[in-house]
Amino acid sequence: MRIREDLAVSFVSAKGPVRAENQDDILLYEPLEDRAFESRGRLFALADGMGGLLGGAEASRTALRGFLAGFLESVDGSEASGDPKPDLSKALLHAFDRACRAVAEEARRKPEFAEMGTTLTAFVLRGDEVVGLHIGDSRCLLLSPSGDRWLSELHTSPGQDHILTRALGVGGQQEEPDLFSLEFHPGESLLLMSDGFWNSVSIEEIRTSIHGTGIEEATQELVQTALTRDGQDNASLLAVTRLAEPHPDLGSREIDETEVHSPPWDGVTPTMPGLFERRWPLLLALIGILFLLIALWIQGLESGLGIR
């Protein structure tokens with residue numbers, strides 16, 4: 001997927017040292033065709049599956065796939081009806097509803113995941129316009145020369161930040177998400193982050209790193225800092241900087257197949273952090289079975305030939 005030259009984009013998602021799996025997931029979508037790009041903009045999202053409940057990883061990934069499918073359904077419908085600028089708030093709410101239904105369906109299909117849930121924080125960027133949606137304790141931060149500010153509120157119990165008061169999923173109940181909007185100017189940055197990241201790194205440290213080094217180096221260093229300080233939770237960060245002018249060395253980045261998982265929708269590229277990490281036990285088991293079958297085949301061949 002190509003990121004056009006007006007943005008610098010970088011993301012990192014890492015498993016906490018004591019976690020069995022990474023339950024965070026990140027989504028990026030930018031249309032390939034210029035006409036669709038002008039109409040619907042780009043979509044960025046982060047979901048953090050709820051720890052302590054079965055199916056956290058499945059919840060975050062299922063939610064983002066449903067979210068993207070719902071977003072595309074909404075903007076496709078608007079464009080088909082002749083609207084050159086779909087209502088982004090409406091599209092995000094439809095996407096959220098589709099994500100809720102996808103998680104609920106997965107929970108019905110797998111009873112052991114009946115209580116699975118996830119946070120979800122997302123925004124669409126179209127020209128100067130940003131419209132965002134949020135539920136849970138992941139966060140969206142604006143870094144701006146005019147002042148840094150959180151764009152999302154924490155949906156947690158007072159004094160008990162680990163207890164969510166609103167989330168996506170969790171037994172099929174559908175909570176209302178928050179919406180936010182703003183104008184996004186050159187020189188500003190928008191960041192999505194899981195609680196495993198923002199709990200450990202200050203805004204001042206984020207600002208200094210993002211503005212002081214290249215955005216890719218900054219995201220890597222910041223996530224490593226979060227893991228070093230906390231070491232318990234998974235940590236994920238997605239950073240988007242609006243460039244003052246197109247810059248081919250900073251923008252127009254090609255995201256290759258080692259970073260993403262090919263989706264079932266044409267022209268859509270959601271990311272899948274830790275894909276190999278989640279699959280390597282299965283791969284080792286399959287290799288072991290293969291060697292066993294070969295050994296049995298050789299043994300049978302030797303017996304048939306009378307070899308001792």
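Let me begin with a term: a residue is called buried when its relative accessible area is under 20%. The structure before you is a predicted model, and I shall use that term throughout.

I start with strand E5, which spans residues 120-126. Seven of its seven residues are buried, so that cut-off of under 20% applies along the strand. Its side chains point in two directions: Leu120, Ala122, Val124 and Arg126 go one way, and Thr121, Phe123 and Leu125 go the other. Please note that Arg126 is listed among these buried residues.

Which strands pair with E5? On one hand there is strand E3, residues 42-48, joined to E5 by five bridges in the antiparallel sense. Within that pairing, Ala45 stands opposite Ala122. On the other hand there is strand E6, residues 129-135, which runs antiparallel to E5 and is joined to it by seven bridges. There, Leu125 of E5 stands opposite Val130 of E6. E5 and E6 form a hairpin with two residues between them, and Gly127 in the turn has a positive phi of about 65°.

I turn next to helix H2. The helix covers residues 56-80, which is 25 residues, and extends 36 Å from its first C-alpha to its last. That span is close to the 36 Å expected at 1.5 Å a residue. How much of H2 is buried? Of its 25 residues, 18 are buried, so the helix is largely enclosed by the rest of the structure. After H2 comes Gly82, with a positive phi near 95°.

The helix and strand E5 each take part in an aromatic contact. The model holds two aromatic pairs. One of them is formed by Tyr29 and Phe71, in an edge-to-face arrangement, with 6.4 Å centre to centre and 70° between the planes. This pair links distant parts of the chain: Tyr29 belongs to strand E2, residues 24-29, and Phe71 to helix H2, 42 residues apart. Both Tyr29 and Phe71 are buried.

Another pair is made by Phe44 and Phe123, whose rings are tilted, with 5.2 Å centre to centre and 35° between the planes. Phe44 lies in strand E3 and Phe123 in strand E5, so this contact ties together parts of the chain that are 79 residues apart in sequence. Phe44 counts as buried because its relative accessibility is 1%. Phe123 is also buried, with a relative accessible area of 0%. For E3 and E5, then, we have both the antiparallel bridges and this aromatic pair.

Let me move to another sheet. It is an open sheet of five strands in the order E1-E14-E13-E7-E8, with antiparallel pairing. Which strands stand at its edges? They are E1, residues 7-14, and E8, residues 149-150; each has a single partner strand, so one side of each is left without a neighbour in the sheet. The partner of E1 is strand E14, residues 235-242, and these two pair over eight bridges in the antiparallel sense. Within that pairing, the bridge partner of Ser13 is Ser236 in E14.

Further along the sheet, strand E7 comprises residues 139-143, and five of its five residues are buried, so E7 is largely enclosed by the rest of the structure. Both of its faces are covered, with Arg139, Leu141 and Leu143 on one side and Cys140 and Leu142 on the other. E7 runs antiparallel to strand E13, residues 189-193, and is joined to it by five bridges. Arg139 has Met193 of E13 as its bridge partner. E7 also pairs with the edge strand E8, in the antiparallel sense, over two bridges. Here Leu142 stands opposite Arg149 of E8. The hairpin of E7 and E8 has five residues between the strands, and among these Gly147 takes a positive phi near 135°.

I finish at the surface. Ile287, Leu290, Phe291, Ile294, Trp297 and Ile298 form a nonpolar patch there, with about 630 Å² of accessible area together. Ile298 is placed in helix H7, residues 275-305. Is Ile298 buried or partly exposed? Its relative accessibility is 37%, and for this reason Ile298 counts as partly exposed. As background, an α-helix has 3.6 residues a turn, so residues three or four places apart point the same way.

Key:
Residues are numbered from 1 along each chain as its sequence is written. This is a predicted model: local features need pLDDT of at least 70, side-chain atom pairs count only at pLDDT 80 or more; totals for chains, interfaces and linings use all residues. Side-chain values use heavy atoms; hydrogens and water are left out. Patches are made of residues with over 30% relative accessible area and no salt bridge: like charges are joined within 9 Å, nonpolar side chains (Val, Leu, Ile, Met, Phe, Trp, Tyr) within 5 Å. Accessible areas come from the Shrake-Rupley method with a 1.4 Å probe; for residues, only the protein chains shown count as cover. A salt bridge is a side-chain nitrogen of Lys or Arg within 4 Å of a carboxyl oxygen of Asp or Glu. Helices (H or I, at least four residues) and strands (E, at least two) are DSSP runs, numbered from the N terminus. Buried means under 20% relative accessible area, exposed over 50%, partly exposed in between (1.4 Å probe, protein chains only). Two strands pair if DSSP finds at least two bridges between them. The expected span of a helix is 1.5 Å times one less than its number of residues. Rings of Phe, Tyr and Trp (its six-membered ring) pair if their centres lie within 6.5 Å; planes under 30 degrees apart count as stacked, over 60 as edge-to-face and the rest as tilted.
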